[in-house]
Each structure stands twice: as C-alpha cells, then as structure tokens.
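Please work through the following exercises with the sequence and the coordinates at hand. Each task is followed by a solution in steps.

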Amino acid sequence: MRAVYYASHGDPDVLQLGNLPVPEPAPDQVLVQIAAAGVNPIDRRLRGGELQEYISRTFPVVPGWDLAGRIVAVGEEVTGWHVGDDVLGLAFTWSIQHGSYAEYTPIDASALAVKPTELSFTEAAALPLVSLTAWQSLAEFGELKRGQTAFIQAGAGGLGSVAIPMAKHLGATVYTTARPENFEYLRSRGADHIIDYTSVDYETEIRKCEPEGVDLVLESLLGEGIAEAAIRLAKTGGVVVFMNNEPPDIPDIAERQIKTKFLHHRTDGRMLAELVALYRDGLLPLPQIEVLPLDAAADAHRRSESGRTRGKLVLAVQDLN
Ligand SMILES: NC(=O)c1ccc[n+]([C@@H]2O[C@H](COP(=O)([O-])OP(=O)(O)OC[C@H]3O[C@@H](n4cnc5c(N)ncnc54)[C@H](OP(=O)(O)O)[C@@H]3O)[C@@H](O)[C@H]2O)c1
C-alpha cells in the first residue's frame with residue numbers, strides 16, 4: 001500500500017512516501033481503507049521524537065490518528081460493523097506503527113462512528129481527535145452549563161475551532177485569543193469576545209469583563225507563566241483543563257477549590273457518533289479545512305509547526321467514491 005512513514009525520528013524531511021505491507025487488524029479491530037487522514041500537532045511531535053516515555057514506536061511508523069474511510073475487513077471478535085461501512089475514527093494507540101497517513105489502517109472497533117452521507121470523507125477526517133478532546137474537556141470534565149463563561153485559548157487552531165462552537169452549544173459566553181487575521185473566522189464560530197494577544201494582555205482584558213474570573217479555562221498553550229495565569233483566570237470553584245501540561249504546583253488551586261487536570265483525549269466511538277450527529281444536523285459548524293495530497297505530508301507538518309494554521313489540515317489519501 002502507499003503510505004507516508006518515518007524510519008527514524010527527525011524533522012519533517014524524515015517523512016517518506018513509499019510502499020508498506022497492508023497491516024492486519026487485531027481480533028477487536030477493523031481494517032479501514034483510508035480516504036482522508038486528519039493532521040494533528042501530536043503527529044509531528046511524535047515524529048520529532050517527543051513523548052517516548054509515554055508512547056512507544058515500532059519503525060517504520062506511519063503517523064496519524066484521525067481517519068475517515070471504508071471498512072474492508074473485520075476482526076473475528078467485532079460485532080456491529082461490516083465490510084463496506086463508511087466510518088470515521090480516532091486510531092489512537094499507546095504504541096504507534098500503523099497510522100492513518102496510508103491506504104489502509106487498523107483501528108479498534110470501539111473507536112469508530114458511522115460517517116453520515118452529509119459529510120465528505122475529508123470533513124469527517126478533520127473531526128475525531130479535536131472533537132473528542134473538546135467535548136471531554138468542556139462537557140464531561142468541565143460540566144460547562146448555560147449561562148457560564150469559558151476562556152478558550154488559541155481559538156483559531158484545530159481544537160479552538162471546534163471547542164468554541166461546542167461551548168456556545170452548551171450555552172456559555174466564550175472568550176478567546178487570536179491574531180486579528182482570524183477575528184472574522186472566530187466570529188463565525190460564535191466567539192463572544194476575541195482578544196488580540198499580540199497587542200494586549202489577555203488576562204487583563206478578560207478580567208475587565210469578568211472581575212471574578214471565568215467558570216472554565218481550556219488552556220492549550222505552553223510557555224512561561226501561562227499555566228499560572230490560567231489558574232488565576234478561573235473563578236473560585238471553577239475549572240481549568242490543560243492540554244499539554246500537568247497543573248502548576250501552586251497553593252491557589254486548593255485554596256480556591258479549582259478543579260483542574262492535564263486532560264488526554266480518549267477514544268470513544270459512541271461519543272464521537274453523538275458529536276458527528278451535531279455536525280451533520282448543523283448544530284455545530286465544521287472547522288475550516290484545508291486539504292493537501294498525501295505526498296504533501298511533510299509540508300503539512302511544516303505548516304503545523306509554524307503554529308499559524310487556521311482550522312484543520314487534512315490529507316487526501318485516495319478517492320473512494
Ligand atoms: N491533551 C490532548 O488530548 C490534546 C488534544 C488536542 C490538542 N492538544 C494540544 O493542544 C494544542 C492546540 O492544538 P490544535 O490542534 O488547536 O493546534 P493548531 O491547530 O496547530 O493551533 C494553531 C493555532 O494556534 C494559534 N496560536 C498560536 N500561538 C498562539 C498564541 N500565543 N496565542 C493564541 N493563539 C495562538 C494560531 O492562531 P493565531 O494565528 O491567531 O495565533 C493557530 O490558529 C497543541 O499543543 C496540541 O498538541 C492536546
């Protein structure tokens with residue numbers, strides 16, 4: 001099969017397009033013929049050699065966890081899924097080898113959702129990781145409710161693009177940060193207050209409107225003082241969800257009863273199906289999606305590394321229609 005893979009860690013140039021054997025699905029997996037693969041920052045971080053203490057590699061590694069395509073084989077323990085079903089899913093594993101930047105990928109049956117005909121394969125492939133992460137942060141861990149306030153850092157990225165409309169769907173007022181180039185896009189996502197972080201201090205700006213702080217902070221940036229600012233911005237009894245780090249070791253968390261954690265997304269086909277229904281029915285807008293061919297994977301990783309992509313990048317792998 002055609003696949004993009006890396007045989008050693010390194011910069012985006014280690015990504016090669018070549019031929020690899022078609023992987024076998026495990027008994028509780030299906031094999032999906034991939035139409036499109038979503039690109040996430042974690043793909044390039046793993047390629048660069050990060051997080052080896054948590055996630056092991058078997059080289060050559062095909063990157064990519066987000067996928068949309070058609071089932072072509074079903075493991076012997078799998079029930080409810082059939083050859084020919086069009087699906088999307090998050091092929092997350094703690095040990096990476098057979099990712100979605102390829103013509104075929106095995107994936108746990110429990111991580112799948114049906115792809116509705118209303119969504120294209122490229123639209124579907126953009127959704128799993130960011131949608132599950134955002135919903136598990138806002139609705140599940142954060143229990144965000146109507147009338148509450150949320151600060152979603154870095155609104156124009158893949159995660160922010162879906163987290164903002166989800167927070168609006170849950171009835172919250174949403175604060176976010178972006179460069180002015182992305183303001184119109186973020187208004188179209190439903191953001192109520194958009195702060196140009198390049199010209200003002202976002203903490204000061206949010207505090208002008210919310211002197212007591214916000215009910216929930218979704219913090220996806222890393223950097224000097226950012227984690228502490230996120231805790232300060234939560235109101236007493238509020239929630240702070242970190243995407244990249246453990247909460248800072250500061251007494252303020254216990255003193256003001258802040259509920260906080262480093263949340264790592266988990267696969268959940270049932271939850272994904274519920275979220276997909278919201279996109280299908282127009283209750284959540286799709287993120288902006290830019291489609292690149294599979295052989296532009298290295299370019300997609302360079303773009304992701306720039307930290308300037310808006311919405312989602314998706315690789316078109318093969319035409320299944
Ligand atoms: N824990 C988990 O399970 C999990 C899941 C998903 C993502 N994540 C992590 O969350 C982070 C965001 O993911 P993503 O998919 O949204 O990444 P992304 O799509 O690569 O984010 C790019 C966006 O970040 C914005 N940005 C960059 N610097 C900024 C700054 N200083 N302030 C505000 N916005 C800034 C840019 O908007 P502007 O051009 O407007 O600056 C750009 O649109 C990544 O680190 C990712 O690894 C973790």
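The exercises below concern a predicted model and proceed from the whole chain to local backbone geometry.

**Exercise 1. Overall form**

Task: Determine how many helices and strands the protein chain has, and assess its compactness.

Solution:
- Step 1. The secondary structure of the protein chain amounts to 10 helices and 17 strands.
- Step 2. The radius of gyration is 20 Å, close to the 20 Å that the globule rule gives for 321 residues; the chain is therefore as compact as a globular protein of that length.
- Step 3. The C-alpha trace spans about 60 × 40 × 35 Å along its principal axes.

**Exercise 2. Domains and their contact**

Task: State how the protein chain is divided into domains and describe the contact of domain 1 with domain 2.

Solution:
- Step 1. Domain 1 consists of 2-127 + 287-316, and domain 2 covers 130-262.
- Step 2. Taken over C-alpha atoms, the centres of domain 1 and domain 2 are separated by 28 Å.
- Step 3. Eight residues from domain 1 and nine residues from domain 2 take part in the contact.
- Step 4. On the side of domain 1 that touches domain 2, three residues are nonpolar, three are polar and two are charged.

**Exercise 3. The parallel sheet**

Task: Establish the order of the six strands in the open sheet and identify the helix 6 contacts with this sheet.

Solution:
- Step 1. The six strands run in the order 12-11-10-13-14-15, with parallel pairing.
- Step 2. Strand 12 (193-196) and strand 15 (259-262) are the edge strands, each pairing on one side only.
- Step 3. From one strand to the next, the twist averages 15°.
- Step 4. Within the sheet, strand 10 (residues 149-152) pairs with strand 13 (residues 214-219) in the parallel sense over three bridges. Ala150 has Leu216 of strand 13 as its bridge partner.
- Step 5. Helix 6 (residues 202-209) packs on the sheet and touches strand 10, strand 11 (173-178), strand 12 and strand 13. The direction of helix 6 makes about 150° with that of strand 12.

**Exercise 4. The ligand shell**

Task: Characterise the residues that surround the ligand and explain where the ligand lies with respect to domain 1 and domain 2.

Solution:
- Step 1. The ligand is surrounded by 30 residues, the closest being Ala154, Ala156, Gly157, Gly158 and Leu159.
- Step 2. By class, 12 residues of the shell are nonpolar, 15 are polar and three are charged.
- Step 3. At least two shell residues each come from helix 1 (41-47), helix 3 (128-141), helix 4 (158-169) and strand 11.
- Step 4. Because domain 1 and domain 2 both give residues to the shell, the ligand lies between them.

**Exercise 5. Backbone geometry**

Task: Locate the cis peptide bond before Pro60 and the positive phi of Glu143 within the secondary structure.

Solution:
- Step 1. The peptide bond from Phe59 to Pro60 is cis, with omega near -5°. Pro60 belongs to strand 4 (residues 56-62).
- Step 2. Glu143, although not a glycine, has a positive phi of about 45°. Glu143 is situated in the loop between helix 3 and strand 10.

Definitions and conventions
Residues numbered from 1 in each chain as written. Predicted model: local features only at pLDDT ≥ 70, side-chain atom pairs only at ≥ 80, totals over all residues. Pairing = 2+ DSSP bridges. Helix = DSSP H or I, 4+ residues; strand = E, 2+ residues; numbered from the N terminus. Axes fitted to C-alpha atoms, helices over the stretch in contact; angles between N-to-C directions. Contact = placed C-beta atoms within 7 Å. Near = placed C-beta within 6 Å. Nonpolar A, V, L, I, M, F, W, Y, C, P; charged D, E, K, R; others polar. Domains from an automatic or database assignment. Rg over C-alpha atoms; globule rule 2.2 N^0.38 Å.
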